[in-house]
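Please open the model in a viewer and keep the selection panel at hand. The tour proceeds from one selection to the next.

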Amino acid sequence: MVSTHPTGVQDSGSKYLPQISSTQTTPSPNQQLLPLTAKVNLHDHLEIGGCDVKNLVAQYGTPLYILDEATLRAACEQYRESFKKYYPGESQVLYASKAWNCLAICAIAASEGLGIDVASGGELHTALTAGVEPEKIYLHGNNKSRQELTYAAQAGCTVMADNWHDLNTLVQIAQENSGEISLPIRIMLRLTPGIDCHTHEYIRTGHLDSKFGFDPGDLDEVFAFVSQQSVLNCAGVHAHIGSQIFERQPHRDLAALMVQWLTQAAGYGLNLTEVNVGGGLGITYTESDDPPSIEEWVKPICEVIQQQCELANLPLPKILCEPGRSLVANACVTAYTIGSSKEVPEIRTYIAVDGGMSDNPRPITYQSVYRTVVANKMSAPITETVTIAGKHCESGDVLIKNAQLAKTEPGDILVIMTTGAYNYSMASNYNRLPRPAAVLVGNTEANLILRRETYDDLIRQDCLPERLKKG
Ligand code: LLP
């Protein structure tokens with residue numbers, strides 16, 4: 001329901017609030033613009049997790065990532081429970097932590113029973129430090145270093161073998177093993193399925209011209225090799241077809257294809273028991289986005305795998321999936337303080353905030369579109385069309401073009417929605433801006449999960465050679 005003013009002008013903020021009725025089950029977080037706990041309070045301020053955004057900003061400063069624990073947990077639960085509901089075999093949801101990798105989020109995902117997909121030694125280190133069980137960590141990457149592979153093998157994680165280089169290096173590591181690795185090393189094989197889907201070119205990975213995974217044409221050779229390596233234990237196959245996907249057919253096709261790979265592997269005496277269908281479920285960034293719910297995404301995958309296994313007379317494999325965006329994106333907003341503005345007559349008005357492409361590089365990288373509200377004037381009417389600019393020395397540093405907004409002034413708090421995925425994880429220090437803080441909110445409490453960087457943090461890794469020192 002969109003609330004309107006007596007004048008017929010639309011409310012700027014409350015139209016984005018989740019519509020939750022007491023009789024309904026929890027909505028799918030990936031279909032909401034604001035976190036599930038978002039409300040407008042008596043001061044007409046946005047409140048998340050029972051915390052007034054204006055107070056959070058007063059305490060922690062801006063830019064500030066505000067992560068709602070209840071929304072993140074609801075998304076984890078919906079994935080986990082949907083598999084339980086639709087699949088009689090085993091299942092394991094992994095959080096693709098590239099979406100936002102930090103100790104607190106890994107710990108929350110693990111406490112919800114999820115495993116973690118990591119894409120580098122750094123992400124692996126974070127997950128292990130957060131206390132995630134190594135058996136539930138899966139290491140990805142199209143060019144893993146020997147050191148990363150060794151780290152994963154020593155810790156007892158599963159390695160997603162992406163190519164021959166991975167396989168050969170793993171065999172060498174196992175052979176040179178000084179006794180610190182328990183053999184065999186557990187692996188899965190990543191394959192490029194050749195399934196196309198409609199998403200941005202940079203985030204599409206399943207078509208054949210991709211840098212990731214083995215070509216299915218090489219499968220016989222790969223299976224033959226793996227079946228001969230006593231130091232490797234191949235648990236199954238993996239594929240990821242892309243990100244921000246709204247269609248359901250590509251994952252149906254993928255599920256069917258993956259069962260064929262299991263049959264093919266059996267021809268080499270390989271008893272593969274795991275199938276990982278990757279991530280990719282899309283989310284709502286604007287009202288016009290209409291992704292399936294988490295449950296609607298999980299259901300057909302379970303059905304197809306069951307049907308195909310029955311036809312092929314195979315036992316049901318354990319299904320894994322590794323969503324990133326749809327777990328965390330809609331649980332978070334970014335709060336900024338509005339500063340300067342500039343009117344370019346007859347063209348546009350720029351309103352600048354105290355962050356930009358360094359804390360959210362998605363608009364400049366993928367032309368991503370976001371929605372925004374003024375957190376301290378939630379029901380002020382929409383009267384302006386403005387362009388939200390960042391503060392970087394780059395003309396393309398624009399967060400939102402033509403945002404529909406209430407009238408603002410310097411000091412107002414602008415909140416950009418759905419910023420939980422691929423914002424902090426892709427943040428930079430461009431122009432030497434310190435990376436923002438992040439708080440976890442829930443039950444009227446806020447806990448810092450990422451400290452704001454200081455100017456000293458920015459120069460911590462700098463080295464000034466003796467001969468350049470003054471005096
Ligand atoms: N598994 C693998 C192997 C992946 O490469 C990815 C994402 C995922 C899982 C998680 O996909 P998701 O459920 O989040 O769609 N930076 C881009 C997105 C890059 C996605 C990379 N891989 C963006 O901001 O849109």
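A disulfide is a pair of cysteine sulfur atoms within 2.5 Å. The model is predicted: local features need pLDDT of at least 70, side-chain atom pairs count only at pLDDT 80 or more, and totals for chains, interfaces and linings use all residues. Residues are numbered from 1 along each chain as its sequence is written, and side-chain values use heavy atoms, with hydrogens and water left out.

**Cysteines.** Select cysteine 51 and cysteine 332: the sulfur of cysteine 332 is the closest cysteine sulfur to that of cysteine 51, yet at 13 Å it is too far for a bond. A search of the whole structure finds zero disulfides. Cysteine 106 is likewise in no disulfide, with the nearest cysteine sulfur, that of cysteine 102, 6.7 Å away.

**Cores.** Next, display the largest nonpolar core (buried Ala, Val, Leu, Ile, Met, Phe, Trp, Tyr and Cys residues joined through side-chain atoms within 4.5 Å; buried means under 20% relative accessible area, with a 1.4 Å probe and protein chains only). It has 109 residues, and Leu67, Tyr95, Trp100, Ile187, Leu189 and Ile305 touch the most other members. Domain 1 (14-68 + 331-457) and domain 2 (140-323) both contribute residues, so this core lies between them; the domain bounds come from an automatic or database assignment. A separate core of 25 residues includes Leu34, Cys51, Val53 and Met378.

**Ligand.** Finally, select the ligand and the 20 residues that surround it (a heavy atom within 4 Å); Ser243, Glu322, Arg362, Tyr366 and Tyr422 are the closest. A polar side-chain atom of glutamate 322 lies 2.7 Å from a ligand nitrogen atom. In the side chain of arginine 362, an N or O atom is 2.6 Å from a ligand oxygen atom.

How values were computed: Buried < 20%, exposed > 50% of the residue type's maximum accessible area, 1.4 Å probe, protein only. Polar contact = N/O pair within 3.5 Å; in protein donor to acceptor, adjacent residues only side chain to side chain.
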